[in-house]
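Student: I would like a close look at a single part of this model. Could you pick one chain and walk me through its build, its contacts and its odd spots?

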Amino acid sequence: MKHATFLWFILPSAVAMLLFIALPIVSVLIQSVYAPHEQVIREVESCNVFSCTKTTVVDVDATRALSDGAPMGRFVGSDIFTDRSHLATHEIAQIWATSHGIGDFLNQVLNLPFYGALAFTLTYTAFVTPLSILLGFAIALAVNAIPRMFRGPVIFFSLLPMIVTPLVGALILFWMVDARGILGAVLQSLAGDPNLSIKASTPLMWIMLIVYGVWASSPFAFVVYYAGLQTVPQDTLESAMIDGATRWQRLRFVIIPHLLPLTTFLLLIKIMDNFRVFEPIVSFNAGAHAQSLSYFIYSDLSSTNQLLSSAAATSVLTILGIIVLLSPVIVRTWKSFGRTA
Amino acid sequence: MASSIADRRPFPLQALMVGFLILWLMVAAFPFLWTLWGSFKVEGDFFSKSDWTNALTGPLTRAETGAAFTGQGYQGAWVTNEFWRAALNTLIVVVLVVTISLTFGTLGGYALARSGYRYVFWILIVALVFRAMPHVTLVSGYLLPFYQWNLWGHLPTAIIVLVAINQPFTLWMLTSFFQNIPKDLDESAMVDGCSRFQAFRLVIIPVMWPGVITTGLFSFLLAYNDFAVTAMLLNQENQTMIPKIASFLGTTQTKGNVMFAVSAVVSATAPLFVLVMFFQRQIVSGLTAGAVKG
């Protein structure tokens, strides 16, 4: 295809991505090094018959003039990145100096908002990704073992947790594990504690969020593996049987190697998706116990005095995190592309 | 293939697998059925302090409304709190997002599939990185410019933003789909004197519908399920369903409001049920298309 024709075909799509994905990234970068103007404070002396009092008021005109002159705010360089709600370099140095031992140090660092969010995001990704892939694989094996006529309905119900809106799916689970909901009641009777409430406990909240994550993302792994199982070469399986391979050996040495490329694909997609975990925290109203990087940005943006710069700085750090996570994949793709081209 | 020797299993193993599957189906489907049932009860029953079986039998529902089932939640959500307006907004957003992103995506995907140059690889890699961006990070980039240019709050803004966010995925999917349509098809049309665009319009468009429908389903899901963009970029009266449900939660203190949210949740899930019922095959093939390509 000629370059010019190619350009015309790709143009609408490229412009849309440039304007609304690439530029916002630039915009986030710029915003993260600017802070909003401080309000101009003026001292006013007001006198009555008895005395004179000095009060400070916000000089609205001067403040507006300042923000009209430089609408981006004042340039602060990396100050926002290093402040307490982000990388907190100063606080960490202090904690390092005063803490007793490494455990105490980590504990205090994780109480800083950004590191707390990072820790939850990574924990969530590290648990949900492998667990949902394993569960999906188990479901795929089981579905493959039942008669064909049942498979349609089973796939239908299995797809639901994935298809349903994340916010809605998480809400449905949340209502059930509420202290007054059915699962909440079951948990209370299992634990023998009538006051057990998931909402009140940080570890339980983390576990619940991970359970939701596995529930919602296993179906994807299941569908991919199920499709993969249909293409396992039957001849190889049968010759493995003739060679005396047990059921487990056939699974281990024929089926799993056959599905390995799919696993790489699933890992890639699931790591990307789990790293931006967001909606379940809104649904579970879990902000007090668990914050993810996305939720951290969202709560900055939806607070009453919209902390745009702070949100922008977190966004930049999140994007850096994603690039680090994806870099092995990109390097690998680049190498394989170089070989074929 | 079902009768292949390798498929035969001893009975205990088969029983174990069936048992596991039944357990999974309970986990997957029960929450939806439970919430559907509960949405026709009053709050005191669905969230029962004394006994969870109240949600099944509904003594308070009977006491308060005189019948075993009540539509109060739905009445409150759809009529009193104008959920219909949010549903209408969702409809507008979803239809336009799907149409526009498929138009952009088919053109772009076709070009990517037919061009052999090296920049195709880079465009696809950049699209992959874009696909990984959390939507909230992008939103925090939009807010300031949108305020300044007075674009914030309107439906068209949210629509075009969702189209853009949708493009990376659409491009990947349609590129791999167009690669499966034989090159000879449009090239022979061009030998016969068609321009590239005529070949696309007259030869490719008639055969591309299976792939477009599959991709369209996923565009639909992205637009329908979105929370980050619609919650942050739309004002109160342009709100779509999902942010509206979230805003019901903010005011859960008053009695009965939770049931509005429960009914709204059931209402928002119903179209997705229908979608999976009719398009199960396409959804499954779409999910696996990317995987098989690697």
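Tutor: Here is a walk through chain B, from its overall build down to single residues.

This is a predicted model, in which local features need pLDDT of at least 70 and side-chain atom pairs count only at pLDDT 80 or more, while totals for chains, interfaces and linings use all residues. Residues are numbered from 1 along each chain as its sequence is written, and chains are lettered from A and ligands numbered from 1 in the order in which they are written.

Let's start with the whole chain. Chain B has 15 helices and zero strands; helices (H or I, at least four residues) and strands (E, at least two) are DSSP runs, numbered from the N terminus. Chain B is more spread out than a compact globule, because its radius of gyration is 24 Å, well over the 19 Å that the globule rule gives for 294 residues. That radius is taken over C-alpha atoms, and the rule is 2.2 Å times the number of residues to the power 0.38. The C-alpha trace of chain B spans about 80 × 70 × 30 Å along its principal axes.

Now look inside. Of the 294 residues in chain B, 47% are buried, meaning that 20 or more other C-beta atoms lie within 10 Å of a residue's own (exposed is 12 or fewer, partly exposed in between, with C-beta atoms placed from the backbone). One residue to find is Leu162(B), which touches Val93(B), Val97(B), Ala223(B), Asp226(B) and Val229(B), not counting residues up to four places away in sequence. Here, contact means C-beta atoms, placed from the backbone, within 7 Å.

Next comes the partner chain. The contact takes 85 residues from chain B and 82 residues from chain A. On the chain B side, the largest share, 14 residues, comes from helix α1 (residues 11-38) of chain B. That side divides into 62 nonpolar, 17 polar and six charged residues, where Ala, Val, Leu, Ile, Met, Phe, Trp, Tyr, Cys and Pro count as nonpolar, Asp, Glu, Lys and Arg as charged, and the others, Gly among them, as polar.

Finally, the odd spots. Most residues other than glycine have a negative phi. Glu82(B), however, has a phi near 55 degrees, and sits in the loop between α5 (72-80) and α6 (83-114) of chain B. Because Glu82(B) has 14 C-beta neighbours inside 10 Å, it counts as partly exposed. Asn150(B) also has a positive phi, of about 65 degrees, and lies in the loop between α8 (135-148) and α9 (155-179) of chain B. With 9 C-beta neighbours inside 10 Å, Asn150(B) counts as exposed.

Key:
Two residues are in contact if their C-beta atoms, placed from the backbone, lie within 7 Å.
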